[in-house]
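Hi,

Here is the structure I promised to pass on. Have a look at it first, and then read my notes below.

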Amino acid sequence: MTALDWLILALRVLVPLVALLTAAGLLSWVERRGAGMIQDRPGPNRVGPFGLLQPLADAMKFFFKEDIIPTKADAVLYVLAPAIALFSALTTFAVIPYGASLPAAGRTVPLIGADVSIGVLYIFALTSLSVYGIVLAGWSSNNKFSLMGGLRSSAQIISYELAMTTAAAGVILSTGSFRLTEVVARQEGTWLGFVPRWNVIPQLLGFVIFFITGFAETNRLPFDLPEAEAELVAGYHTEYSSSMKFAMFFMAEYINMAVASALTVTLFLGGWSLPGFHPHGVLGGILSILIFTAKTAFLLWVFVWVRWTLPRFRYDQLMRIGWKALLPLALLNLLWVAAIVKLGWI
Amino acid sequence: MERLVFDAAAVLTVLFAAVMVVHRHPVKSVLSLVVSFFGLAVCFVLLSAPFIAAIQVIVYAGAILVLFLFVLMLLNVPEEEREQEPRRVQRALSGVALVVFAVLLLRLLKSYGESEFARRGALSGEVAPLASLLFSRYLLPFEALSILLLAALVGAYVLARPEKGP
């Protein structure tokens, strides 16, 4: 590999990483403005145009706050926990194709961090590690509210992971590969000339289950029991009252949301593809990135929309939905997909 | 480069496995095992078996050990106190274990460098060849294993089910 190849590889990896970190800040603004809109109030609108610089101001504040480690806390794990949370959030995006390809310096650059053969499994492996960040934060803080939050989170994530992977298995079955670029490639083109060949159409049930479990896996309302403020103060990050460590959890949550949306788009909504769109040249490559971003942004808005619309589930309801509704329905979806694949309908 | 990463991962795996055994705090023991499994997964990737690596992380590090951690936290197990018993039987058995370990290590070191994986070139850890083996040649053991797991699941349910009143 020449120096130019290395540079291109570095850009392929770094650009989405920086975009994710920026998106995390931007999303906190969208969330607060969205909440304001839904609750009929302005929301933050003082810093910069439309309050757009508010996330920057918040970040500055976090940097200058005093860094506190509780006396009775386990210092090493207490510091490690937010790092684990942010690490697993940031690394998952590496295998998601965020565009078609871009011609640059005589090469065709695929717009993906790493096109590995186990793409979907890689994502599930890293998201299953993200629970350690939350659990360790809860345990190392030495605080009963934190511990309760951590326990709830581990139970919730394990329960919903099953339904999530089973729903994703439908897509893998109809694609015949774990590779996410192939998942997208199979969704190009149309049925009957106008219906996009997206997985969401034959696998609507799978899409709904996957998206719902995405809320649970990212601890978002209505599944935010690990940090239910009405009963647990702030759940697993109660003791992370200030400083960048709290900011890292905060960023991890928004990045997880972005990854969950991007993954849903890739698996069910055709990734960067659009009926009648055949990416060609630099313009095509850029357009494909924009299409992917637009689809992801829409799902992210749904995340915000749901948060300020629905109330929180009770713990027993949460477990019942996960095990008695979503898991059997996901299995049913898998059977349906197996049947239509065998019959050659898709 | 690959060699360097592999060696580092292998050393970490063994090191944290040892920490898991000797650490007095149960929660930290579990965490060392997580690190150890992660190191093992890295080794699998470098041995061109990415599927095994992913399953290693998803099943062991991501599910089973989280459950361990869950139970330990729920019971709030304190740091272990070392007892001052003589434990004669255990000491004798540990001697036997040490001999077995030494023999295994010796065999491993003797075969070092001739690369088991290179010789079995046909055996790949990629998804498709593995799946075709599992669903053709090893179909019966595969299904038998899944029935075994189901039996364990049913057994756990029967044991944990609340007793019906008289």
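**What I found**

In chain B, 60% of the contacts with a separation of 6 or more are between residues 24 or more positions apart. Bear in mind that this is a predicted model.

Staying with chain B for a moment: it has seven helices and zero strands, so to speak an α-α-α-α-α-α-α pattern when you read along the sequence. Of its 166 residues, 17% are buried.

Next, the place where the two chains meet. Here 20 residues of chain A are in contact with 18 residues of chain B. On the chain A side, the elements that give two or more residues are α4 (119-140) and α5 (144-175). The largest share, ten residues, comes from α4(A). As for character, that side of chain A divides into 16 nonpolar residues, four polar and no charged.

Now follow α5(A) to another partner, helix α7 of chain A (residues 204-217). The two pack with their axes 9 Å apart, at an angle of about 150 degrees. An angle over 145 degrees counts as roughly antiparallel, and therefore that is how α5(A) and α7(A) are described. Their crossing is left-handed.

Which residues of α7(A) meet α5(A)? They are G206(A), I209(A), F210(A), T213(A), A216(A) and E217(A). Facing them from α5(A) are residues including Q156(A), Y160(A), M164(A) and V171(A). By class, this contact has ten nonpolar, four polar and two charged residues.

It is worth spending a little longer on α7(A). With 14 residues at 1.5 Å each, α7(A) should span 20 Å, and its end C-alpha atoms are indeed 20 Å apart, so the two agree.

Is α7(A) largely enclosed or largely open? Eleven of its 14 residues are buried, so α7(A) is largely enclosed by the rest of the structure. Among the buried ones are F207(A), F211(A), I212(A), G214(A) and F215(A), and G206(A), I209(A), F210(A), T213(A), A216(A) and E217(A) are buried too. What do the buried residues of α7(A) pack against? In chain A, they pack against α4 and α5, and also against α9 (243-268), α10 (281-307) and α11 (315-343).

One last detail to look for: just after α7(A), N219(A) takes a positive phi of about 60 degrees.

Cheers

Conventions. Residues numbered from 1 in each chain as written. Chains lettered and ligands numbered in written order. Predicted model: local features only at pLDDT ≥ 70, side-chain atom pairs only at ≥ 80, totals over all residues. Helix = DSSP H or I, 4+ residues; strand = E, 2+ residues; numbered from the N terminus. Buried ≥ 20, exposed ≤ 12 C-beta atoms within 10 Å, placed from the backbone. Contact = placed C-beta atoms within 7 Å. Nonpolar A, V, L, I, M, F, W, Y, C, P; charged D, E, K, R; others polar. Axes fitted to C-alpha atoms, helices over the stretch in contact; angles between N-to-C directions. Parallel < 35°, antiparallel > 145°, perpendicular 65-115°, else oblique. Left-handed = near helix turned anticlockwise from the far one by under 90°. Expected span 1.5 Å × (residues − 1).
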